[in-house]
Amino acid sequence: MTTYLIRNAQILGGSPQDIHLVDGAFAAIGENLDVPADIEIDATGLVALPGLVDLHTHLREPGREDAETVLTGTRSAAMGGYTAVHAMANTFPVADTAGVVEQVWRLGQEYGYCDVQPVGAVTVGLEGKQLAELGAMHDSAAGVRVFSDDGKCVDDAVIMRRALEYVKAFDGVVAQHAQEPRLTAGAQMNEGLVSGELGLGGWPAVAEESIIARDVLLAAHVGSRVHICHLSTAGSVEIVRWAKAKGWDVTAEVTPHHLLLTDELVRSYDPVYKVNPPLRTAADVEALREALADGTIDAVATDHAPHPAEDKDCEWAVAAMGMVGLETALSVVQQTMVDTGLLNWEGVADRMSHRPARIGRLTGHGRPISVGEPANLVLFDPAYRGVVNPETFATRSRNSPYKGMDLPGRVHATFLRGEATVLAGELVER
Amino acid sequence: MKRHLVSAADLSRDDALLILDTAEELAQLSGRAVKKLPTLRGRTVVNLFFEDSTRTKTSFEVAEKRLSADVINFSAKGSSVSKGESLKDTALTLQAMGADAVVIRHHASGAPARLADSDWLHGSVINAGDGTHEHPTQALLDAFTMRRHLNPGAGRDLAGRKVAIVGDILHSRVARSNVHLLTTLGAEVTFVAPPTLLPIGIETWPCQVSYDLDAVLPKVDAVMMLRVQRERMNAAFFPTEREYSRRYGLNGLRLATMPEHAIVMHPGPMVRGMEITADVADSPRCTVVEQVANGVSVRMAVLYLLLGGAVFADGSADSARTTELLEAAQ
Amino acid sequence: MTTPSSAPRAPHQVLDATDVARIVTRIAHEIVERAKGAEDVVLLGIHTRGVHLAHRLRARLTQITGREIPFGTLDITMYRDDLRLKPARALEHTEIPADGIDGKLVILVDDVLFSGRTIRAALDALGDIGRPRAVQLAVLVDRGHRELPIRADYVGKNLPTSLREAVQVQLSETDGRDAVLLGDRDYAARSSQALAADPQLPE
């Protein structure tokens, strides 16, 4: 196995240190290390963070390999500094059986760019009617701990209650896509001033908030834990804050795009801004940033949702919802949280690695950068400034809302258990 | 004027008056033996209709033919569009056919804007109604009709005139275009509707809002009744047809409370017995038929002003807008 | 830009107010004479200055004949062959006398006859409005350089010009005084004021 000596990396933004990677683990950390290594990396000016963990990735395989595959998706993840991603269940077929989740998990292991932790569907076919074999998925090689019908809300209160109760048996968590379906029939964008003017069907904040309110109460009632996917409104923040104050086991994630973009962008009718939940208002963006800073929101999760060009190169109403995000997540977080002084790099490591790993109960990820720990590491250059060009992305799709925007920072290198997946900003072919 | 007519908000006061004054000149044509002008000879105008609309389509077609344009009708039914062809491919096809302008009616809000902002085709895009967004030529013909009745004469606007727009504002592209244009022309607009049929955020629009039709009518110079689709009832926007027409329908008694000079307008098609009773619809104060005739003149004016002269790219204006939007997002 | 050796000349006056008045009177008399008392004459002024001249002709004809002469205005924008060289223009008012022009002797009135394209457009417009017995043309100035087989029946002044030159007609209704100026096109072009005052320039 290749050994690496990383010189002068600022671990969590601290003072420069050398890091020695041997046999998949951190072998030594300190100043001016005098140890042998196959490859030495000058990390002067680079921030070292634990390998990022994404709770919310759409890898599309099986079924929509024209949008993304496990290979292209994990290469994209590595380029974004991720060492583990949770692959959402809304594939074709749906990941609602042990067979499908094992296949996805194995593909991730085989390619070796990033660990793929499949998310199991809560209900059969994401139909919201009958519980999927949650236990079988947990017991499979994939060891599923996170269950979600993401893309669809588990809106039936009884099904949700049963799912929350059932996964307690194996310390699972239900990740809810909070969207009251009746309140969002025909919804195209955030309901507000802009939707009124544009004549696009509104997706009201209350459709998210009412489900979150119900689910935190349900989770408290049955003594289980619930995770809120892509929380997007100021009202949702208030509910989660209240639930946490009660001591209930509620966690929540926010996407990078909800930390930066607002529904004003929809005025262009460019479907690259079409996403679910929709881009909200500037006031929501501000509330989300604050909540991420104070820990009310536990994690940044990309909701990386690749779509082929034709699904976006069309009129708004028929366009697919979603944005790619793996390769820009850390840059967006730097811009919105670090450069604004809301979060330091330690905080970034917590929200993008430690806490998401803990929510997903991943044992080999989200660990501290210390001797003996698995060497999952990202070296990030926060001084870099560049214009986002989706054509250079490793993901198969190009639907990035940041196209043409100036974003700070760039992933310099990513290590998965001591093996480089990205070096000098380029993928390492494996 | 911009190269496209996508939203009534694209029109400045001068643009709007230029269109109305031009339309006034062109209206004379309908009295002539030869109702045709050679102005757009050799120009190709495509009517791209993804939604059935006999009256708007016919109106545009008459306007195009009176200006001697070559007219191509491209309707979604029975075409490749119904076989799943994308808007993009349709647009590329029209571009290849050399369309100088595309008149588009689409069920999706924003489809004309998408066409205008894309590089799929280079001709002018004229919005003939998109989803629940806008219908700018309808607003122009409404303003034209109002001006003729309330402040006739070239160069005149609608300053201080009070216009009530009544009905399903939420789903109305006519209301959206009218509020922009009428405000630009100085009129004071009041939306009258049950709260369920008003968009969220209406309080920021440049208009008044009232839930009470009877309180508004004695002060109006014009009242515009919007069609209310019966299907809305099923989505609980209002309880019953009878209750709707009792609270928000225009009948003879209500008409009598309006000032004598005030006119009754309707973009059509009317649902008699719902938002308007037959006696009001047939009264001489109702301008529905006149609006249809005015529609041809106004659409001729728009076509002439967008297509009659040299075409100048307004690309720089567009890129400025994108920057603005991105900045707004920061 | 021109070189100093051939510096453009400032416009100089070729007709003054008295000349213009005399021309209008003379043309009115010619019309009465040639149109046999002007019984079926309809005057149609071409926008903008042709309309003012037509107004004056009509007043003179009324004085001479003691009758009201039917009068109208014609905007020929929609019939122009150079529409696509400039942005679309606002339309002027076209007004056809109530009795129409069928069977009448229509006299088109314009200020300057140059390429003949304006008159060609006016003839096309007339064809769509009705069927006159005959159409005649009265102009204040004929400056030559015809590009179409068109000639005027009544000419105020034949003004030999070069293509470098610009003829500028001023009438009190729009310009505050009556005069006809002749100057170099380049000179006029260098003065934005002169350009704005001279709609004939781009023709």
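# A tour of chains A, B and C

Begin in chain A of this predicted model. Select strand 16 (residues 377-387) and strand 17 (residues 406-416) of chain A: the two run antiparallel and are joined by 8 bridges. To see one of these pairings, pick Phe380(A) and look across to strand 17 of chain A, where its bridge partner is Val411(A).

Keep strand 16 of chain A selected and add strand 5 (residues 47-50) of chain A. These two strands also run antiparallel, with 4 bridges between them. Here the residue to pick is Leu49(A), whose bridge partner in strand 16 of chain A is Val378(A). When looking at side chains along these strands, keep a general pattern in mind: in a regular strand they alternate between the two faces of the sheet.

Now show the whole of chain A. Its secondary structure comprises 11 helices and 19 strands. The radius of gyration of chain A is 20 Å, close to the 22 Å that the globule rule gives for 430 residues, so chain A is as compact as a globular protein of that length. Turn the chain along its principal axes and the C-alpha trace spans about 65 × 45 × 45 Å. Of the 430 residues in chain A, 61% count as buried. Among contacts in chain A with a separation of 6 or more, 75% are between residues 24 or more positions apart.

Next, bring in the other chains. Which two chains share the most contacts? Of the 2 pairs of chains that touch, chains A and B have the most. Select that contact: chain B contributes 26 residues and chain A contributes 24. On the chain B side, colour helix 3 (87-96), helix 4 (111-117), helix 6 (173-184) and helix 13 (315-329), each of which supplies at least two residues. Helix 13 of chain B has the largest share of this side, with 5 residues. By class, the side of chain B that touches chain A holds 11 nonpolar, 10 polar and 5 charged residues.

Stay with chain B and colour it by domain. Domain 1 covers 8-135 + 292-315, and domain 2 covers 136-288. The C-alpha centres of these two domains of chain B are 25 Å apart. Where they meet, 26 residues come from domain 1 of chain B and 24 from domain 2 of chain B. On the domain 1 side, select helix 1, strand 4 (124-130) and helix 12 of chain B, the elements that give two or more residues. Helix 1 of chain B gives the most to this side, 8 residues. The domain 1 side divides into 11 nonpolar, 8 polar and 7 charged residues.

Leave helix 1 of chain B highlighted and show chain C. In this contact, 18 residues of chain B meet 17 residues of chain C. The elements of chain B that give two or more residues to the side touching chain C are helix 1 (13-27) and helix 12 (288-307). The largest share, 4 residues, is from helix 1 of chain B. This side of chain B has 9 nonpolar, 5 polar and 4 charged residues.

Then compare the positions of chains A and C. They do not touch, and their nearest C-alpha atoms are 27 Å apart.

Finish in chain C by selecting residues 13-160. An unreviewed UniProt entry annotates this stretch as "domain: Phosphoribosyltransferase". Over residues 13-160 of chain C, 32% of the chain is helix and 24% is strand. Mark the two ends of the stretch to see that their C-alpha atoms are 14 Å apart.

Terms used. Residues numbered from 1 in each chain as written. Chains lettered and ligands numbered in written order. Predicted model: local features only at pLDDT ≥ 70, side-chain atom pairs only at ≥ 80, totals over all residues. Contact = placed C-beta atoms within 7 Å. Nonpolar A, V, L, I, M, F, W, Y, C, P; charged D, E, K, R; others polar. UniProt positions renumbered as here; feature names shortened; annotations may be inferred. Domains from an automatic or database assignment. Rg over C-alpha atoms; globule rule 2.2 N^0.38 Å. Buried ≥ 20, exposed ≤ 12 C-beta atoms within 10 Å, placed from the backbone. Pairing = 2+ DSSP bridges.
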